[in-house]
Amino acid sequence: MPSFLPPGSAVPAAVLCAAVLHALWNAMAHRIPDKLVGFTLINLAYTGCAAVMVCLVPLPEAGAWPFILVSAALEVLSQLFLLRAYQLGDFGQMYPIARGTAPLLVAVASVTLLGRPVSAAEMAGVLVISTGLAGLAFADGWPGRAQLPALAAAVATGTVIAAYTVVDGTGVHHSRTVIGYIAWLFLCQGPVLPLLALARRGRPLLAQLKPVRGIGLTGGVISLTAYGLVIWAQAHGDLATIAALRETSILIAALIATLLFRERFGRLRLTAGAAVLAGIVVLELAHP
């Protein structure tokens, strides 16, 4: 991050920037009707960018490779769950649920599995953000029985997101090269979903990619940049705090939906968004 930033502000600035980019690429992906095609293009962008990066950056240390491989597998799994959630449910509801379950799970894992201390104030901030995100998810009413499969896929996505967040937050410290860790992570995960899509659709897939290749590939580059910023932040900041700040992408996505897609925001969504912002303030004040 630029050196002109005040001391201690680089990490939250990087994470909030990543949140904006994350909301942006999801909005772009939302515009692609065929979700499998959209995710395929995003992962092709991962593969192409990462293939160039690995030629230019140092190789991660041996101790980082188990984390890279596990994280890559979890990333693919999270995309498959998210893809299923988007196929079964509404984007505006599935995305907040998928993203909103992760911060609290990461905070709990940080304490129980990694032994990292989280203060009461920081935990309160995580809980407030999670509550606000849940409000954004259920602002349009409690889902019916027919939506349960979609909800299950969304919750599974959030659980896997929490898992790979913890894995990356630990693995990057074993790498000695943040950029090298990012490059090899995306190179390992990038080809998997396109190969699965090709196996399912066959040769017609190539024709299906062409009409939306511009927006899909651009979304992939933006996505890679967003997660790269998160990995960098995890190498320099607190894991639970970063995970919670990262989820402000849901509030940003709601604003994008209101301003660009003309979707109704509503009083309950506004209240839930205010809770997210309140949680951020609590986390920032509690962070040393």
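Which helix gives the most to the lining of the second largest pocket? In this predicted model, that element is H6, which contributes four residues to the lining. Helix H4 (91-100), helix H5 (102-112) and helix H6 (120-137) each supply at least two of the lining residues, and the pocket that they border has a volume of about 150 Å³. The residues that line this second largest pocket are Pro96, Ile97, Gly100, Thr101, Leu104, Leu105, Ser130, Leu133, Ala134, Ala137, Phe138 and Val155. When these are sorted by class, nine are nonpolar and three are polar, while no charged residue takes part in the lining of the pocket.

Helix H5, one of the contributors to that pocket, also packs against H7, and the axes of the two helices come within 8 Å and cross at roughly 40°. Because angles under 35 degrees count as roughly parallel, H5 and H7 are described as oblique to each other. The crossing in which H5 passes H7 is right-handed. On the H5 side the contact is formed by Ala102, Leu105, Val106 and Ala109, which meet Gly158, Thr159, Ile161, Ala162, Thr165 and Val166 in H7. Seven of the residues in this contact are nonpolar and three are polar, with no charged residue among them. Leu105 appears in this contact and is also listed in the lining of the second largest pocket.

Enclosed space was examined as well, and the count comes to three cavities of 30 Å³ or more. The largest cavity holds about 270 Å³ of space and is lined by 23 residues, of which His22, Trp25, Glu75, Arg99 and Tyr164 lie nearest its centre. Two or more lining residues come from each of helix H1 (10-30), helix H2 (35-53), helix H3 (65-88), H4, helix H7 (148-175), H8 and H11. By class, the lining of the largest cavity comprises 13 nonpolar, seven polar and three charged residues.

Helices H8 and H11, both of which contribute to the lining of the largest cavity, are also in contact with each other. The axes of H8 (residues 178-189) and H11 (residues 213-234) come within 10 Å and cross at roughly 135°, which makes H8 oblique to H11. This crossing is right-handed. In the contact itself, Val178, Tyr181, Ile182, Leu185 and Phe186 of H8 meet Leu224, Tyr227, Gly228, Ile231 and Trp232 of H11, and the residues involved are nine nonpolar, one polar and no charged.

A further partner of H11 is helix H12 (residues 239-246), and the axes of this pair come within 10 Å and cross at roughly 155°, which makes H11 roughly antiparallel to H12. H11 passes H12 in a right-handed crossing. Here Tyr227, Val230, Ala233 and Gln234 in H11 meet Leu239, Ile242 and Arg246 in H12, giving a contact of five nonpolar residues, one polar and one charged. Tyr227 of H11 thus takes part in the contact with H12 and is also listed in the contact with H8.

Outside the helices, Ala139 is placed in the loop between H6 and H7. Once its neighbours within four places in sequence are left aside, Ala139 is in contact with Leu268 and Arg269. Ala139 and Ala240, by comparison, are 101 residues apart in sequence and 25 Å apart in space, taken from C-alpha to C-alpha.

Technical notes
Residues are numbered from 1 along each chain as its sequence is written. This is a predicted model: local features need pLDDT of at least 70, side-chain atom pairs count only at pLDDT 80 or more; totals for chains, interfaces and linings use all residues. Side-chain values use heavy atoms; hydrogens and water are left out. Axes are lines fitted to C-alpha atoms, for helices over the stretch in contact, and angles run from 0 to 180 degrees between N-to-C directions. Angles under 35 degrees count as roughly parallel, over 145 as roughly antiparallel, 65 to 115 as roughly perpendicular and the rest as oblique. A crossing is left-handed if the near helix is turned anticlockwise from the far one by less than a right angle, and right-handed if clockwise. Contact means heavy atoms within 4.5 Å. Ala, Val, Leu, Ile, Met, Phe, Trp, Tyr, Cys and Pro count as nonpolar, Asp, Glu, Lys and Arg as charged, and the others, Gly among them, as polar. On a 1 Å grid over the protein atoms alone, a cavity is a set of points where a 1.4 Å probe fits but cannot get out, and a pocket is an open set with protein on both sides within 12 Å along at least five of seven lines; lining residues have an atom within 4 Å of a point. Grid points are joined across faces, edges and corners, and a volume is the space filled by probe spheres set on the points.
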